[in-house]
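Colleague: I'm new to this one. Could you walk me through it?

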Amino acid sequence: MPSVAFESQVAPEGPPVWPQSVVTVVGNPRAGSRTAAAAASVAELLASELGTPYRIDELIDLVTFAPAIFQGDRAGDEDRAALESAVDLVSSASVIVVATPVYKGSYTGLLKSFLDVLRPAALAGSVVVPVTVSAAPSHKLLADQHLRPVLAELGASVPVPGVILEERDLEDLQVVLSGWIRDNAGIVQATTIALQPVAAPTPAR
């Protein structure tokens, strides 16, 4: 994870009034991947730029409990418990960083299968930031283009451009991300504020 802290560019007026969780979901079929490291950097820098009350929850590396995603009730208890925990975290998150390598012209089957597990409208009220990593420049937009309709189907708001990375960008990732963070953190925060649940009015006595 990066150690450089960016000075916040987000206007302090009208901050959210409830704790905001930033959850990271990684769909790379290899554990501890460079995709996971890039996603963690995006989440950390974004949360730092947004400031309090945004907090980072754990990174969800889907491959670590893949049997539960693909086998359901036939998977072991530990894997099923990890999947249930991941679903709860994602369903209650304010901001979700969803990361995938570009895999055969799209995003991974592992990520798609996890999204299929979620209930309808599970991501309603959440802002999602897609992060994609490609090996070839000609393929770098494909995963983002295919992922957005599925996120929208689940009710997510995707108000900012995805973080579109090539493998060469990973060598100096903080420099690559700094401009994206400064340009888009304010939009992410404004959207989370707009999605904040409105309390029901107190009945007159």
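Modeller: Sure. Just after H5 (142-153), Gly-155 takes a positive phi of about 95°. H5 is a helix here, meaning a DSSP run of H or I with at least four residues, while strands are E runs of at least two, each numbered from the N terminus. This is a predicted model, where local features need pLDDT of at least 70, side-chain atom pairs count only at 80 or more, and totals for chains, interfaces and linings use all residues. Residues are numbered from 1 along each chain as its sequence is written, and side-chain values use heavy atoms, leaving out hydrogens and water.

Colleague: Which residues of H5 are buried?

Modeller: Ala-143, Asp-144, Leu-147, Val-150 and Leu-151. Buried means under 20% relative accessible area, exposed over 50%, partly exposed in between (1.4 Å probe, protein chains only).

Colleague: What puts them on the same side of H5?

Modeller: They cover an arc of only 130° around the axis, so they sit on the same side of H5; the arc is taken from the directions from the helix axis to the C-beta atoms. On the other side of H5, Pro-149 and Glu-153 are exposed.

Colleague: What does the buried set of H5 pack against?

Modeller: S3, H4, S4 and strand S5 (163-166), with contact meaning heavy atoms within 4.5 Å.

Colleague: And which residues does Phe-114 contact, leaving aside its neighbours within four places in sequence?

Modeller: Val-25, Leu-62, Ile-69, Leu-83, Ala-86, Val-87 and Val-90.

Colleague: What makes the lining of the largest pocket mixed by class?

Modeller: It has 8 nonpolar, 6 polar and 4 charged residues. Ala, Val, Leu, Ile, Met, Phe, Trp, Tyr, Cys and Pro count as nonpolar, Asp, Glu, Lys and Arg as charged, and the others, Gly among them, as polar.
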